[in-house]
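I sat down with this structure today and kept a few notes as I went. Here they are, in the order I looked things up.

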Amino acid sequence: MDILEELWYGNITPTEYSRIENNTNYKETLRLVNQNQESLKAMLTDEQNDLIEKLFTANEELANLIELDCFKVGFKLGARLTMEVYK
């Protein structure tokens, strides 16, 4: 099977190849985010916690949209570079 067929059938998941989880800065920042999030939640009322959860969910959705756009831009750039090689 060629690479396009693998991608089409869902056998390739680009996010599986991410190396960010092994990045020390990423791990430390994630730890701080989680720590601060838990500290904040402990200080809030149930109503305020519901509101902050909605904010976190919206931020995750926004991040996913941004990541998708970056993936598309990168993929298109890679295709354009490949086409340039064959001119």
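The entries below go through the helices and some single residues.

**Entry 1: what I am looking at.** I noted at the start that this is a predicted model. I kept that in mind for everything below.

**Entry 2: helix H2.** I started with H2, which runs over residues 24-43. I found 20 residues in H2, and 29 Å from its first C-alpha to its last, close to the 28 Å expected at 1.5 Å a residue. Next I looked at how H2 begins. Asparagine 23 caps the N-terminal end of H2, with a side-chain oxygen 2.7 Å from the backbone nitrogen of asparagine 25.

**Entry 3: helix H3.** I then moved on to H3, residues 46-85. H3 has 40 residues and covers 58 Å between its first and last C-alpha, close to the 58 Å expected at 1.5 Å a residue. Which residues of H3 are buried? I wrote down Asn49, Ile52 and Phe56. I also checked what covers the buried residues of H3, and H2 is included there. A reminder to myself: residues three or four places apart point the same way, because an α-helix has 3.6 residues a turn.

**Entry 4: H2 against H3.** How do the axes of H2 and H3 cross? I read a crossing of roughly 150°, with the axes coming within 9 Å. Angles over 145 degrees count as roughly antiparallel, so H2 is roughly antiparallel to H3. On the H2 side, I listed Gln37, Leu40 and Lys41 as making the contact. On the H3 side, the contact is made by Asn49, Ile52, Glu53 and Phe56. I sorted the residues of this contact into three nonpolar, two polar and two charged.

**Entry 5: asparagine 49.** I wanted a closer look at asparagine 49, which sits in H3. Is asparagine 49 buried or exposed? Its relative accessibility is 16%, and the cut-off for buried is under 20%, so asparagine 49 counts as buried. Leaving out residues up to four places away in sequence, I found that asparagine 49 touches Lys41 and Leu44. A polar atom of the asparagine 49 side chain lies 3.4 Å from the backbone oxygen of leucine 44.

**Entry 6: arginine 80.** I stayed in H3 for arginine 80. Arginine 80 counts as exposed, at 59% relative accessibility. I also took its separation from leucine 32: the two are 48 residues apart along the chain, and their C-alpha atoms are separated by 39 Å.

**Entry 7: leucine 4.** Where is leucine 4 found? I located leucine 4 in helix H1, residues 3-8. Leucine 4 is exposed, with a relative accessible area of 57%. Its C-alpha is separated by 46 Å from that of serine 39, and the two residues are 35 apart along the chain.

**Entry 8: lysine 87.** I finished with lysine 87, in the segment after H3. Lysine 87 has 76% relative accessibility and counts as exposed. I paired lysine 87 with glycine 74: they are 13 residues apart in sequence and 20 Å apart in space, C-alpha to C-alpha.

Definitions and conventions. Residues numbered from 1 in each chain as written. Predicted model: local features only at pLDDT ≥ 70, side-chain atom pairs only at ≥ 80, totals over all residues. Heavy atoms only, no water. Helix = DSSP H or I, 4+ residues; strand = E, 2+ residues; numbered from the N terminus. Buried < 20%, exposed > 50% of the residue type's maximum accessible area, 1.4 Å probe, protein only. Polar contact = N/O pair within 3.5 Å; in protein donor to acceptor, adjacent residues only side chain to side chain. Contact = heavy atoms within 4.5 Å. Axes fitted to C-alpha atoms, helices over the stretch in contact; angles between N-to-C directions. Parallel < 35°, antiparallel > 145°, perpendicular 65-115°, else oblique. Nonpolar A, V, L, I, M, F, W, Y, C, P; charged D, E, K, R; others polar. Expected span 1.5 Å × (residues − 1).
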